[in-house]
Amino acid sequence: TAKRLGAIVYASDVRKSAAEQIESVGGRFIEVEGMDDFEDESGYAKPLTPEFIQKVNDTVCEVAINADVIITTARIFGRPAPITVPASAVAHFKPGSVIVDMNADVGGNCELTKPGEIITTDNGVKIVGITNLSGELSVTASMLYSNNMTTFVSSLVTEGSIVVDMNDEVLVGAPEG
């Protein structure tokens, strides 16, 4: 969606299959030097050495310095979220950029995430640490649907009555021809 709206989208993963998926939707894969395929038989990422994790984080944060939005998603089930965006990297991000930490509920991928809060750092970076972000979407989606339906039905009302004009191209489509 971001790509269709004109954004330049970068993404990273330690699985080769993810690189193909990222590129297939127009994203640019962040290649990490020395990267192998770290996917296990079930499709999840294999455990990595602390040194390689640091190399991945450094490479991704170097790209993220110029980003407007950073979305973090690294999760290890049953354990606290790994820190992928250290405070030292956030200090170099541009003012006005936004980090959306999808793992705030398990500690967060950004070292500065405050679970349950949206904060702004001293250098103007906003960090979204909402712990149930996906639960917030249903309210927004319902409001959008409701507003669209209200606008649509209102367009059918003439002098207090619903009037369906079968010659209205908005309602019935343009004539074939």
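**Notebook: the sheet and what packs around it**

I started with the middle of the sheet, where strand 4 and strand 6 run parallel and are joined by three bridges. I was working on a predicted model, so I looked up the confidence next. The protein averages a pLDDT of 87, and 98% of the residues score at least 70. Confidence is highest in strand 5, at 98, and lowest in helix 5 (residues 169–172), at a mean of 76.

**Entry 1: laying out the sheet**

In what order do the four strands of the open sheet come? I noted the order as 3-4-6-5, with mixed pairing. Strand 3 (69–72) and strand 5 are the edge strands, and each of them pairs on one side only. On average, neighbouring strands here are turned by 15° against each other, with direction ignored.

Then I went along the sheet pair by pair. Strand 3 runs parallel to strand 4 (residues 98–101), and four bridges join them. Strand 5 and strand 6 run antiparallel, with three bridges between them. I reminded myself that strands of a sheet pair through backbone hydrogen bonds, either parallel or antiparallel.

**Entry 2: who pairs with whom**

I followed single bridges across the sheet. Isoleucine 70 has isoleucine 99 of strand 4 as its bridge partner. Isoleucine 99 in turn has a bridge partner in strand 6, isoleucine 127. Which residue of strand 6 is the bridge partner of isoleucine 119? I found isoleucine 127 once more. Back towards the strand 3 edge, threonine 72 is bridged to aspartate 101 in strand 4.

**Entry 3: the two faces of strand 3**

Which residues of strand 3 make up its covered face, and which its uncovered one? Ile70 and Thr72 are on the covered face, while Val69 and Ile71 are on the uncovered one. I jotted down the general rule beside this: in a regular strand the side chains alternate between the two faces of the sheet.

**Entry 4: the cores**

My next stop was the largest nonpolar core, which has 13 residues. Val85, Val90, Phe93 and Ile99 have the most contacts inside this core. Helix 2 (50–64) and helix 3 (87–90) each supply at least two of the core residues. A second, separate core has nine residues, among them Ile22, Phe29, Val32 and Met35. As a general note, nonpolar side chains tend to be buried together in soluble globular proteins.

**Entry 5: phenylalanine 93**

I gave this core residue an entry of its own. Phenylalanine 93 sits in the loop between helix 3 and strand 4. Is phenylalanine 93 buried or exposed? Its relative accessibility is 3%, so phenylalanine 93 counts as buried. Beyond its neighbours within four places in sequence, phenylalanine 93 is in contact with Cys61, Ala64, Ile65, Ile70, Val85, Ile99, Asn123 and Val125. I also checked one C-alpha to C-alpha distance: phenylalanine 93 and glutamate 62 are 9.4 Å apart in space and 31 residues apart in sequence.

**Entry 6: two buried threonines**

Threonine 84 is in the loop between strand 3 and helix 3. Threonine 84 has a relative accessible area of 17%, and because the cut-off for buried is under 20%, threonine 84 is buried. Setting aside residues up to four places away in sequence, I listed Asn57, Cys61, Thr72, Ala74 and Asn109 as the residues that threonine 84 touches.

Threonine 121 is in a loop too, the one between strand 5 (118–120) and strand 6 (126–128). Why does threonine 121 count as buried? Its relative accessibility is 14%, so threonine 121 falls in the buried class. With neighbours within four places in sequence left aside, threonine 121 is in contact with Val90, Leu112 and Ile127. I also found a polar contact of 2.5 Å between the side chains of threonine 121 and asparagine 123.

**Entry 7: an odd backbone angle**

Last, I looked up glutamate 159, in the loop between strand 7 (157–158) and strand 8 (161–162). Glutamate 159 is not a glycine, yet its phi is positive, at about 50°. With 81% relative accessibility, glutamate 159 counts as exposed.

Technical notes:
Residues are numbered from 1 along each chain as its sequence is written. This is a predicted model: local features need pLDDT of at least 70, side-chain atom pairs count only at pLDDT 80 or more; totals for chains, interfaces and linings use all residues. Side-chain values use heavy atoms; hydrogens and water are left out. A nonpolar core is a set of buried Ala, Val, Leu, Ile, Met, Phe, Trp, Tyr and Cys residues joined through side-chain atoms within 4.5 Å. Buried means under 20% relative accessible area, exposed over 50%, partly exposed in between (1.4 Å probe, protein chains only). Contact means heavy atoms within 4.5 Å. A polar contact is a pair of N or O atoms within 3.5 Å; within protein, one must be able to donate a hydrogen and the other to accept it, and residues adjacent in sequence count only if both atoms are side-chain atoms. Two strands pair if DSSP finds at least two bridges between them. Axes are lines fitted to C-alpha atoms, for helices over the stretch in contact, and angles run from 0 to 180 degrees between N-to-C directions. pLDDT is the predictor's confidence in each residue, from 0 to 100.
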